[in-house]
Amino acid sequence: QKRLDEALDPLRKALAIQERVYGPVSRQVASAANELASNALARNQLDEAEAGFSRMLAIYRAVYTNGHYLIGIALSNLASVSMQRKQYGHAEQLYRQALEAYATTLPADNMNVGITHIKLGRALVRQQRYTEAEPHSLKGYAILSKQANPAVSWLRNARTDLVSIYDALGEPDKAKPFRAELAAK
């Protein structure tokens, strides 16, 4: 927490400098707004995080009128605020929009696509929509397990969600390999 608090002034100064140098609507300002909003999210300052991610999204939509993966990242970050607020239906909508934005600019096996599928799966699990969650959690798991260190938190989240999904659906045999991977890590 102390490090997050210490980072606030430098992040605010960086945003002010970016605004002065590049104007209020630029990729650089959107990136600085993202850093400040990410800090706010980590400090559980959800209104501040939402405002920063919303600004990031508005800037990217203005800068990239033909679409861009950064719009998807902004949507996904905004959905993270909804997840922390336990507004799972709203988070689901934003994650779906993020995947649509990625589809126009990223390959299907991109790490951001995988992470967002895992996040969408988690939003659906939180709504107890296990059958709908399964393909997203599996897809995200498949994408990341080919690229990332298997211990990364997103893979752990996918394994945890897949165990929850299969337990809820009464399919313990499908849960078994994911449960074993969780125990091994």
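**Helix α3 and serine 76**

Reader: Which residues of α3 are buried?
Author: In α3, a helix (a DSSP run of H or I of at least four residues, numbered from the N terminus), the buried residues are Leu46, Ala49, Gly52, Phe53, Met56, Leu57, Ile59 and Tyr60, where buried means under 20% relative accessible area with a 1.4 Å probe, protein chains only. They lie on the same side of α3, because they cover an arc of only 165° around the axis, taken from the directions from the helix axis to the C-beta atoms.

Reader: What kind of model is this, and how are residues numbered?
Author: The model is predicted, with local features needing pLDDT of at least 70 and side-chain atom pairs pLDDT 80 or more, while totals for chains, interfaces and linings use all residues. Residues are numbered from 1 along each chain as its sequence is written, and side-chain values use heavy atoms, leaving out hydrogens and water.

Reader: OK, what covers that buried side of α3?
Author: The cover over the buried residues of α3 includes α2 (27-42) and α4.

Reader: And which residues does methionine 56 contact, apart from its neighbours within four places in sequence?
Author: Those neighbours aside, methionine 56 is in contact (heavy atoms within 4.5 Å) with Ala30, Asn34, Ile73, Ala74 and Asn77.

Reader: New topic: where is serine 76, and is it buried or exposed?
Author: Serine 76 belongs to helix α4, which covers residues 69-84, and serine 76 is buried, with a relative accessible area of 4%.

Reader: What is serine 76 in contact with, then?
Author: Setting aside neighbours within four places in sequence, serine 76 is in contact with Tyr95, Ala98, Tyr102, Thr116 and Lys119.

Conventions. Helix = DSSP H or I, 4+ residues; strand = E, 2+ residues; numbered from the N terminus. Buried < 20%, exposed > 50% of the residue type's maximum accessible area, 1.4 Å probe, protein only.
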